[in-house]
Amino acid sequence: MTAAPALSVRNLTTTFDLGASRVAAVRDVSFDVMPGEVLGLVGESGSGKSVTLRSLTRLLPSGAEVSGQVIWQGRNLVGLAPKDLRKVRGGEISMIFQEPATALNPVLPIRVQIEENLRAHTTLDRAGRRRRSQELLDLVGIPDAARRLDEYPHQFSGGMRQRAMIAIALASAPRLLLADEPTTALDVTIQDQILNLILDLRDELGMSVVLVTHDLGVIAQTCDRMAVMYAGRIVEEGGVSPVLGHPAHAYTLGLLGSVPQAGTERTVLRSIEGTPPALSAIPPGCAFAPRCVFATDICRTRAPELVGTTEGHAAACHHSAMVRHQLGVSA
Amino acid sequence: MRARLRPRFPKCTNVRAPRVMLEYVLRRILQLIPTLLFILVVVFALVRLLPGDPASAVLGDRALDADVERINRELGLDQPIPVQFVLFVKSFVTGDLGNSIALKVPVSTLILERLPVTMMLTFMAAVFAVATSVPLAFLAALRRGRATDTVIRSGFQVGLSMPVFFVGLVLLTVFGARLRWFPVGGYGEGFFDHVYHLILPSITLALSLSAVLMRNLRSAVINVLDADYVAFAESKGLRSGIILFRHILRNALISTLAIFGLSIGTLLGGAVITESVFAVPGAGRLMVDSIYGRDYPVVQGLTVALAVLVSLTFLTTDLIQAWLDPRLKK
């Protein structure tokens with residue numbers, strides 16, 4: 001990890017206007033994405049992982065405010081003029097969404113949805129755009145591409161739709177793909193195909209990927225590094241095997257406890273008690289403290305810093321030593 | 001223009017798409033046949049169920065039995081009902097709808113003279129309604145919850161709640177009688193004079209339709225703005241104009257178009273009142289006069305003509321909808 005990061009996020013904070021007050025959905029988030037790397041952002045619903053992803057290219061509803069730095073190719077995307085941001089979106093950083101059935105425009109053939117991207121970011125002429133869109137469908141593994149280009153989203157199956165969405169997102173050869181729960185809406189077998197497709201395309205096109213998911217299995221299967229989010233903050237980050245093998249934050253430990261394990265003796269799943277705090281009522285100190293079995297007085301008064309435990313592995317937990325010991329005892 | 005005729009690339013490889021549309025169009029046109037037959041049955045029955053008979057309407061209360069019989073024979077009313085119905089259908093197929101009892105001219109001539117006036121009025125009203133409601137609905141939706149939105153919505157609310165004849169009279173008094181910008185009635189001579197004479201009536205007629213369209217389109221646009229495909233389009237870095245027209249407007253129009261089609265029937269009904277207020281010699285006024293005068297041939301012919309017109313409007317909006325939304329062609 002000596003190369004310069006492709007994307008560098010520093011102190012990213014995103015707030016939403018709720019009429020009377022402003023709430024922060026993402027608070028002080030920092031992370032790097034290396035060239036060719038797949039970074040996983042994991043957390044429960046409402047943890048801020050999707051908002052973090054959308055904040056990178058300011059793809060947010062009106063009333064949202066982003067501060068901090070998103071350094072991409074030497075430029076800070078926060079505060080970049082809309083005209084320049086438009087060139088980055090789709091051209092350099094693309095995004096795919098959770099539900100291909102609703103993210104594809106139902107009234108336009110796939111061809112139009114690919115070609116409008118090519119038109120915005122490439123100098124290809126009409127014939128070139130046609131050729132390229134057919135190549136793209138081939139690339140993502142949609143058979144009979146020439147015919148299917150003129151079909152509409154409702155004529156595709158769920159898996160094929162997700163492939164089509166990936167083809168559209170990758171049309172102008174972006175350097176970074178933001179994937180917001182790309183497999184959540186799909187059958188497990190199809191899920192696997194789509195994740196492998198994303199990994200293959202990462203290798204083939206040499207791009208980086210930020211993958212948002214709530215599924216630790218997806219993270220383990222796909223990502224190089226991961227960051228765990230809770231109540232708008234990153235609470236633990238590091239390589240996938242150190243974090244999943246030796247979690248240093250009580251929340252990560254809790255997440256792991258709620259994943260069913262195959263092959264071992266059947267045990268009761270340990271779910272995490274309670275629910276994440278509302279964004280408008282985040283407790284002082286550690287946001288996870290009210291649900292945490294390790295919590296002590298310091299957790300309720302002082303917010304823990306994200307500090308390194310071992311090389312490239314960091315956690316924001318006052319009791320990370322105890323958490324790591326705990327797994328050793330229970331395993 | 002010449003350059004466009006030259007093929008620049010191999011034509012569409014999917015031969016299914018145009019065929020699906022063609023099949024859909026043919027199917028919808030075939031479906032029109034039972035609709036039209038049903039309309040004929042209803043009109044035939046309604047006219048015969050109306051109180052009073054044509055002969056006494058023509059001859060007055062003190063008519064001789066022999067004269068009544070003669071009139072009934074001329075109108076074919078002495079025949080058994082099934083025969084009358086066949087003759088009735090035949091008259092519409094051949095276009096020979098008989099003569100008006102009151103005006104002594106062929107009904108077909110009357111319809112061809114008056115119906116275009118009403119069609120013109122309705123068309124202009126539709127244009128006014130669309131031209132005002134579409135941009136303002138967009139503006140309101142994009143400024144949702146802010147002052148602009150509130151002003152637009154309450155403005156249209158007032159328009160929706162005012163009766164047509166009242167609005168007509170106000171416009172007539174202010175812009176016709178006082179300011180003298182527009183004629184107070186009539187239809188004029190020649191196309192542009194027709195348009196000029198119909199401006200106030202069509203604005204009157206457009207008012208309630210534009211309010212309905214505005215409310216509908218506003219909420220449709222708000223729904224579409226929240227759709228994932230709009231966020232996806234934004235994430236592709238498209239120009240805002242492309243996002244607005246190709247992704248937002250097109251999807252939002254689909255549901256509003258259905259309302260628009262249905263409203264054309266109401267609009268034709270509203271034309272009756274509007275034509276009376278502005279003394280426009282259209283089909284609406286002819287209809288009212290004929291009903292009062294028991295002019296059965298005219299009432300029959302005109303009712304069927306209006307019903308056909310409404311059916312054709314529905315067909316057209318259905319076809320446009322299918323063109324906008326490929327999922328409807330199933």
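In this predicted model, the buried residues of helix α12(B) are covered by elements that include α6 (107–142), α11 and α13 (296–324) of chain B. Helix α12 itself spans residues 283–292 of chain B, and its buried positions are Ala283(B), Gly284(B), Arg285(B), Leu286(B), Met287(B) and Ser290(B). Directly after this helix, Arg294(B) adopts a positive phi of about 50 degrees.

Two packed helices are described by the angle between their axes and the distance between the axes. For α6(B) and α12(B), the axes come within 7 Å and cross at roughly 125 degrees. Because angles from 65 to 115 degrees count as roughly perpendicular and only those over 145 as roughly antiparallel, this crossing makes α6(B) oblique to α12(B). From α6(B), the contact draws on Leu110(B), Arg114(B), Leu115(B), Val117(B) and Thr118(B), while α12(B) contributes Ala283(B), Gly284(B) and Leu286(B). By class, the residues of this contact comprise 5 nonpolar, 2 polar and 1 charged. The three residues named from α12(B) in the contact, Ala283(B), Gly284(B) and Leu286(B), also appear among the buried residues of that helix.

Turning to the contact between the chains, 24 residues of chain B meet 30 residues of chain A. On the chain B side, α10 (228–235) and α11 (240–277) each supply at least two residues, and α10(B) gives the most, with 6 residues. The side of chain B that touches chain A is made up of 11 nonpolar, 6 polar and 7 charged residues. Helix α11 of chain B thus has a place in two descriptions, since α11 is among the elements covering the buried residues of α12(B) and also supplies residues to the side that touches chain A.

Chain A is divided into domain 1, covering 7–223, and domain 2, covering 245–330, and the C-alpha centres of these two domains lie 30 Å apart. Their contact takes 8 residues from domain 1 of chain A and 6 residues from domain 2 of chain A. On the domain 1 side, strand β2 (residues 21–33) of chain A gives the most, with 4 residues, and that side as a whole has 4 nonpolar, 3 polar and 1 charged residues.

Strand β2(A) also pairs with strand β1 (residues 7–18) of chain A, in the antiparallel sense and over 9 bridges. Within this pair, Val9(A) stands opposite Phe31(A) in β2(A). The two strands form a hairpin with 2 residues between them, and Gly19(A) in the turn has a positive phi of about 80 degrees.

Chain A further contains an open sheet of 8 strands with mixed pairing, in the order β6-β7-β8-β3-β9-β10-β12-β11. Its edge strands, each of which pairs on one side only, are β6 (93–96) and β11 (307–310) of chain A. Neighbouring strands of the sheet are turned by 20 degrees against each other on average, direction ignored. Inside the order, strands β3 (residues 38–42) and β9 (residues 225–230) of chain A run parallel and are joined by 4 bridges, with Leu41(A) having Ala227(A) in β9(A) as its bridge partner.

The two strand pairs of chain A described above are set side by side here.

| Strand pair | Sense | Bridges | Paired residues |
|---|---|---|---|
| β1(A) and β2(A) | antiparallel | 9 bridges | Val9(A) and Phe31(A) |
| β3(A) and β9(A) | parallel | 4 bridges | Leu41(A) and Ala227(A) |

Methods
Residues are numbered from 1 along each chain as its sequence is written. Chains are lettered from A and ligands numbered from 1 in the order in which they are written. This is a predicted model: local features need pLDDT of at least 70, side-chain atom pairs count only at pLDDT 80 or more; totals for chains, interfaces and linings use all residues. Two residues are in contact if their C-beta atoms, placed from the backbone, lie within 7 Å. Ala, Val, Leu, Ile, Met, Phe, Trp, Tyr, Cys and Pro count as nonpolar, Asp, Glu, Lys and Arg as charged, and the others, Gly among them, as polar. A residue is buried if 20 or more other C-beta atoms lie within 10 Å of its own, exposed if 12 or fewer, and partly exposed in between; C-beta atoms are placed from the backbone. Axes are lines fitted to C-alpha atoms, for helices over the stretch in contact, and angles run from 0 to 180 degrees between N-to-C directions. Angles under 35 degrees count as roughly parallel, over 145 as roughly antiparallel, 65 to 115 as roughly perpendicular and the rest as oblique. Two strands pair if DSSP finds at least two bridges between them. Domain bounds come from an automatic or database domain assignment.
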